[in-house]
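Subject: Structure handover

Hello,

Here is the structure I promised to pass on to you. Please open it alongside this message, and the notes on what turned up in it follow underneath.

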Amino acid sequence: MMINKRLIGTVRGSRSYVAGNVALQWCALAANIAMIGAVCLLLNRLYLETAGTEDLLFTAAVALAAVIVRYGCSVGAARMGYVSSKAVKKTLREMIYRKLLRLGPSYQEQVQTSEVVQVAVEGVDQLETYFGAYLPQFFYAMLAPLTLFVVLCFVNVPSAVVLLVCVPLIPIAIAAVQTWAKKLLSKYWDQYTALGDTFLENLQGLTTLKIYQADAFKNREMNEESENFRRITMKVLTMQLNSITIMDLVAYGGAAAGILMAVTQFRSGHVGLGGCLAIILLAADFFIPMRQLGSFFHIAMNGMAASDKIFRLLDLPEPEEKTASVPDDCSIRCEDVCFSYEADREILKHADLSFPQGSFTAIVGESGCGKSTAAGILTGRNRGYSGTVTVGGVPLAEISEESLLQNFTYVSHRSYLFKGTVRDNLHMGDPVADDNALWAVLERVKLADFLRSEQGLDTRLNEWASNLSGGQCQRLALARALLHDSPVYIFDEATSNIDVESENDIMAEIHRLAKTRTVILISHRLANVTDADNIYVMDGGEVVESGDHGMLLTLNGRYAALWNAQQALENYRKEAQA
C-alpha cells in the first residue's frame, strides 16, 4: 500500500531512522497504555472503596513517568523524521545531479530543464515528507492496533476483537480511491510541470516580450495553464477531503462500536469498571494511528507520483562510458557529417570540415545554415550525428567528456556569468590562478581599468551579470576562457550584439590567440574572418565554398555575395553617420 521497494532501496540510509521513529512512537504508546492502566486501576479501587494513599502515589508516579517518556519519544521521533528526510534530500538530489553529469551537455535532448528543476526541488520535497512522515506512520499504524489488541485481550476479548476488526476498514477505504487518486495525481504532476515550463520560459524571455509587446498574449497563455492547474488542484483537494471524511466516519464508528461493546460487557458483568474505562479510553488509540496514516494519504500519493518523475529522469539512457583522451595532436576532422534535431529536418548535410592544429579557421554563413550546430557537435552538446568526427585521429565519440572539456573551450555570444564576484567567475577558468594572473588576463581584454574603478576583483555581479554592459560581459567571458588555457578554442558569434570598441578589442585578442592555439571562429560578420587561414562557407547545412578571404572573393560565389552585401551596408551606415 503505497510502498515503493525501489524507492526505499534507493535511500537505504533512511531505513534506520524510519525504524527508530516507529520504535519511539511505540514506546510512547506503551507509556500511554501504562498511564491509562494505572488511572483506571485507581478509579476501580476508588469505586470499590479499597484505594489507599499508596495507590494515589503510585498512579501519580506512573503518570509522571509516562508523560516524561512520551515527551522524550515525541522529540526523538521528530528528530528521526528530520534526519530521515535530510538523508532523502541529500541522496536523491545528489543522484539527480550525478545523473545530469553523466548525461553530459546534451541532457536537454532528453529532458527539459524546467522538469529537472521541479523534480529536484518540489519532487524531492514531497519524498522528504514521504520518508519523514508517511513511512514511519505506515509501520506504526500496523503495529499499534496489534499491540492494543494484545493488551485489551487481557481485559475483555469481545471488545478487543470488535475494535481490531474495524481497524482494516480505514485502509480498505483508502485502497478504494487509490487507483483513481494515482491517475489524478499523475495528471496533477504533468500539469504542474507544464505550468513550470511555461513560467520559466516567460520569465527568461520577459525582456523580449516587453520589447515586442507580446506580454499580454503570453499572460493569457499562462493564465490558461494556471487555470488548468487550479482545476486539477481542486480535484486533488476534493479527493483528499472525501477520503478524509470516509476515514473519519470509519474511525469514529469503529471506536463507538468498541465502546458500545465494552459498556455491554460491563452491564453483563464480564468486565469491571476499570477494564471498561480502559477500553473506552484506549478505543481511540486503535484508530488514531491508521487515521493519521490516512491523512498522509495525499502525501504518499504525491510521493509516488514524484518518484515516478524522478526515476524517469534517473532511468534516461546514458551515453556509453568513454575512456579515450584528446591526443597531443588536436587537429579536428569532420567527414560526411549529418545532423538533425528532428527526423524530417536535416541541419547538417554531408559536411566535410578540417581544422588543423594551430590553425585559425572560420565558419561563416547566414543564420540557420548549421554553423552553431557544427560547434555543438565538436563540444559534445549535439549527439546522434552520422559521419565521422575525429580529434588527432581519435573518434570524438570515444573521447571522454572530461578530456574534451579540458582541451576545448567554447565561448558563445551569451556565455553565462554567475552571480558572485569577478574573481569567482575568473577562477572557473583556472581555480589556482593568483590575483596577478587574474589582473594580467583582464589587462589583455581591456577590462582592468574599469574594474579598478569599481571594487577590483571583488566587484559583485548580479544574475546574468546584468550590472555590466554587453561588451563588458563578453570581455569577462573571454578573460575566463583565456585562463582555461586549452589547445582548442571555439568562438560562436562571440562578438554579436556588442559595441564596436568591444568587438574590435575581442577580435584583436582572438587573432593574438590564434597564433598559438587552434581557433575556430563562427561569425556572421565577414570583416572578422578576413585573416583566417581557411574559411568555410555554409549554406543550407552544406559546405559550399572554402579557402582564404582572397581566394573566396575571386570565386565570386556565395562568400563574395555576402561580403559585397555587408560592405555595402557598412558604407551606407558610415555615410548616414557622416
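A salt bridge here is a side-chain nitrogen of Lys or Arg within 4 Å of a carboxyl oxygen of Asp or Glu. By that definition, the structure holds 19 salt bridges. Please keep in mind as you read that this is a predicted model.

Let me begin with a few of the salt bridges.

Arg383 and Glu401 bring their side chains together in one of them, with an N to O distance of 4.0 Å. Arg383 belongs to the loop between α11 (371-378) and β4 (386-391), while Glu401 is in helix α12 (residues 401-407), so this pair ties together parts that are 18 residues apart in sequence. Arg383 is partly exposed, at 23% relative accessibility, and Glu401 is partly exposed too, with a relative accessible area of 28%.

Which residue forms a salt bridge with Glu443? The partner is Arg452, and the closest N and O atoms are 2.8 Å apart. Glu443 counts as partly exposed at 39% relative accessibility, and Arg452 counts as partly exposed at 45%. Arg452 also has a second contact to look at: its charged end sits over the ring of Trp439, 4.8 Å from the ring centre.

You will find another arrangement of this kind at Arg381, whose charged end sits over the ring of Tyr410, 4.8 Å from its centre.

Within a single helix, Glu509 and Arg512 form a salt bridge whose closest N and O atoms are 3.7 Å apart. These two residues are three apart in helix α17 (residues 500-513), which separates them by about one helical turn. An α-helix has 3.6 residues a turn, so residues three or four places apart point the same way. Is each partner buried or partly exposed? Arg512 is partly exposed, with a relative accessible area of 46%, whereas Glu509 counts as buried at 5% relative accessibility. Elsewhere, Lys90, Glu94 and Arg98 are joined into one network by salt bridges that share partners.

Next, the aromatic residues. Searching the whole structure gives eight aromatic pairs. One of them is Tyr130 with Phe131: the ring centres are 5.4 Å apart and the planes stand at 80 degrees, so this pair is edge-to-face. Both members are out of reach of the probe by these values, since Tyr130 is buried with a relative accessible area of 0% and Phe131 is buried, also with 0%. Phe138 and Phe139 make another pair, with centres 5.2 Å apart and planes at 85 degrees, so they too are edge-to-face. Here Phe138 is buried, with a relative accessible area of 11%, but Phe139 is partly exposed, with 38%. How do these residues fit together? Ring pairs link Tyr130, Phe131, Tyr134, Phe138 and Phe139 into a cluster.

Helix α3 deserves a look on screen as well. Helix α3 runs over residues 53-103, which is 51 residues, and spans 74 Å from its first C-alpha to its last, close to the 75 Å expected at 1.5 Å a residue. Just after α3 comes Gly104, with a positive phi of about 80 degrees.

Now for the empty space inside. How many cavities of 30 Å³ or more does a search of the whole structure find? The search finds one, and the volume of the largest cavity is about 60 Å³. Its lining consists of Cys334, Val337, Leu348, Ala351, Leu353, Phe355, Ala374, Ile377 and Leu378. The elements giving two or more residues to that lining are β1 (332-342), β2 (345-355) and α11. The largest share, four residues, comes from β2.

Strand β2 also contains His350, which has a positive phi of about 50 degrees although it is not a glycine. Asp485 likewise has a positive phi of about 50 degrees without being a glycine. Asp485 is placed in the loop between α16 (470-484) and β9 (488-492), and is partly exposed, with a relative accessible area of 47%.

Happy viewing, and best wishes!

Terms used:
Residues numbered from 1 in each chain as written. Predicted model: local features only at pLDDT ≥ 70, side-chain atom pairs only at ≥ 80, totals over all residues. Heavy atoms only, no water. Phe/Tyr/Trp six-rings, centres within 6.5 Å; stacked < 30°, edge-to-face > 60°. Buried < 20%, exposed > 50% of the residue type's maximum accessible area, 1.4 Å probe, protein only. Lys NZ or Arg CZ within 6 Å of the ring centre and 35° of its normal. Expected span 1.5 Å × (residues − 1). 1 Å grid on protein atoms, 1.4 Å probe; cavity = no way out; pocket = protein on both sides within 12 Å on 5 of 7 lines; lining within 4 Å. Points joined across faces, edges and corners; volume = space filled by probe spheres on them.
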